[in-house]
Amino acid sequence: MADFIKNIIGGSKSSATPVPSADSDFADFADAPSPAPVPFETVPGGANLGGPAPTGRPYTKWYNIHERYTLSDFRAEGVILAIIAVIFTLHYIGTKLNRAKARAWIKANAPILTREFAVVGFSRTPQQAEQNPEKLLKAKSLFEYATYATGRQNVAFMDVKLSLKKRFNPVMTFVETALSFFFDSFSAPEDSVEFILYPFDGKEAQIVPAIPGATELRSKDSKSSFDGFVWAIVNKDKMKQLREERYDLSITFTKDNSKLPIWSTVMSESAEVTETLLTNELASAIKKAGDLLDYIIISDQPVDKPKTMDETIPRKRLYLRYRLPSSDNYDDLAPLLSYFVRISDHLVASAHFRPEVLRKIKSVRDENIKQIQKAAEEEKAEERQAERDRARKAKRDAELNALDAKAQKKYLEKEKEKELRKSARKQTVRA
């Protein structure tokens, strides 16, 4: 009790320092010296900005990046950069090759186009004597190029489309080539050009804008119309595919001709049409072009099967498609293009057939029109029946809602009995 009171009132304290009890767990550290900071050594000539002196740290190799990392640590990044470099290189080379292919084609065929048409390209201005042929072509994508021509008698205008291989994407080209070996629906990648010529067909006054004061320049006797039909010369390798993909060629019959090479055949609606259109000049141009020709088609029917009456209206078109030679030499293909542009003149002059021939050609179209009319009438009948069913259901729901619960039950029972009698009557009739 006395010691407790002394402690409270601040009595005499023991001057001896208490000896800590020994701990067996920290016995090994009992004699360890206390840690002391390493003194900082000032660098001779170093600047001191008056701030606190930095704590000294020992120098280690981790301060040098070339000692922390080696090239093997960036192996994944190197592979990625190498792949990106290869992709960009192939893309650049493929794009350049496609552009060179398109330039070679336009340089070889520009004289023919500029000679036959007043305007070639998208400039909408007449051709000049010395114009760069490359400006006549427009790149729609990395593998598609297009040009346009107009300003010619019997021709409203002509569209030209170049479709090249995707050389900038070798992986896609390889996949498309592999699929073409196993599936007929996939065509192998190839360089090709397609021409679509739109004749006036007697509609100059509707298409060509009138020039003030130049009405008297129009010849009253000039008529650019000709009879409608479907006629084609196709490569036999493409015949099956074209018959499946194009409705207009599906209504023709196929027959070989002695004037043509063995790899080609005629698809026509009438033998008289073939005799009129297959001239010696055309046969000679096809033989010279070789099997690069895919087809030359004259048609007044749509490519896709018509489903409405508006789609059955005849619209005359001329098609030419051939593959580009790997050598970029178009001397053998130039006569075919020249004849194709001038074939509209031959059609206006000679494509007027006997009534018997036209009656036979029209019969096939009339059958298709009857099928479309029948389908349209059936569709209208279904719509009328659906409208009557909706009106009947609305009337029944209104009558049912106006009744109380007991009357609704009787109404539903009568309706069920009526349906049972109707189904039983149908079974009796079938038996």
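Helices (H or I, at least four residues) and strands (E, at least two) in these legends are DSSP runs, numbered from the N terminus.

**View A. Welcome to the whole chain, with its twelve helices and ten strands.** This is a predicted model, in which local features need pLDDT of at least 70 and side-chain atom pairs count only at pLDDT 80 or more, while totals for chains, interfaces and linings use all residues. Residue numbers start from 1 along each chain as its sequence is written, and side-chain values use heavy atoms, with hydrogens and water left out. Of the 431 residues, 30% count as buried; the word buried stands for under 20% relative accessible area, exposed for over 50%, and partly exposed for values in between (1.4 Å probe, protein chains only). A contact means heavy atoms within 4.5 Å. Among contacts with a separation of 6 or more, 69% join residues 24 or more positions apart. The chain has an accessible surface of about 30,200 Å², and carbon and sulfur atoms contribute 56% of that area. These areas come from the Shrake-Rupley method with a 1.4 Å probe, and for residues only the protein chains shown count as cover.

**View B. Residues 12–18 call for some caution, with pLDDT under 50 throughout.** The score pLDDT is the predictor's confidence in each residue, on a scale from 0 to 100. Its mean over the chain is 82, and 79% of the residues reach 70 or more. Over residues 12–18, the model has zero contacts beyond four places in sequence. Where pLDDT is low, the predicted coordinates should not be read in detail.

**View C. Helix H10, residues 334–350, has a kink centred on Arg-342.** The 17 residues of H10 reach 24 Å from first C-alpha to last, close to the 24 Å expected at 1.5 Å a residue. That expected span is 1.5 Å times one less than the number of residues in the helix. The kink at Arg-342 is about 40 degrees, where the bend is the angle between axes fitted to the seven residues ending at a position and the seven starting there. Look along H10 for its buried residues, including Leu-336, Leu-337, Tyr-339, Phe-340, Val-341, Ile-343 and Leu-347.

**View D. Helix H3 meets H10 around Ile-112.** Ile-112 belongs to H3, which covers residues 75–116, and it is buried at 6% relative accessibility. Beyond its neighbours within four places in sequence, Ile-112 is in contact with Ala-334, Leu-337 and Ser-338, three residues that are themselves buried in H10. Pro-335 sits 223 residues from Ile-112 in sequence, yet their C-alpha atoms are 9.4 Å apart.

**View E. Aromatic rings link strand E5 to helix H10.** Rings of Phe, Tyr and Trp (its six-membered ring) pair if their centres lie within 6.5 Å; planes under 30 degrees apart count as stacked, over 60 as edge-to-face, and the rest as tilted. The whole structure holds eight aromatic pairs. One of them, Phe-195 with Phe-340, is tilted, at 6.3 Å centre to centre and 50 degrees between the planes. Phe-195 lies in strand E5 (residues 192–199) and Phe-340 in H10, 145 residues apart. Both phenylalanines are buried. Ring pairs also bring in Trp-105 and Tyr-322, giving a cluster with Phe-195 and Phe-340.

**View F. Two loop residues, Asn-154 and Asp-328, show positive phi without being glycine.** Asn-154, with phi near 70 degrees, sits in the loop between strand E3 (144–152) and strand E4 (155–163). Its relative accessibility is 10%, so Asn-154 counts as buried. Asp-328 has phi of about 60 degrees and occupies the loop between strand E10 (317–323) and H10. At 31% relative accessibility, Asp-328 is partly exposed.

**View G. Arg-246 occupies the loop between helices H6 and H7.** H6 spans 236–245, and H7 spans residues 247–250. Arg-246 is buried at a relative accessible area of 8%, and it touches Ile-297, Val-303 and Tyr-319, leaving out residues up to four places away. Its C-alpha is 7.8 Å from that of Lys-305, 59 residues apart along the chain. Ser-250, in H7, is partly exposed at 35%. The C-alpha atoms of Ser-250 and Val-230 are separated by 9.8 Å.

**View H. Helix H11 runs over residues 355–401.** Its 47 residues should span 69 Å at 1.5 Å a residue, and the 67 Å between its end C-alpha atoms agrees. Buried residues in H11 include Val-357, Ile-361, Asn-368 and Leu-400.
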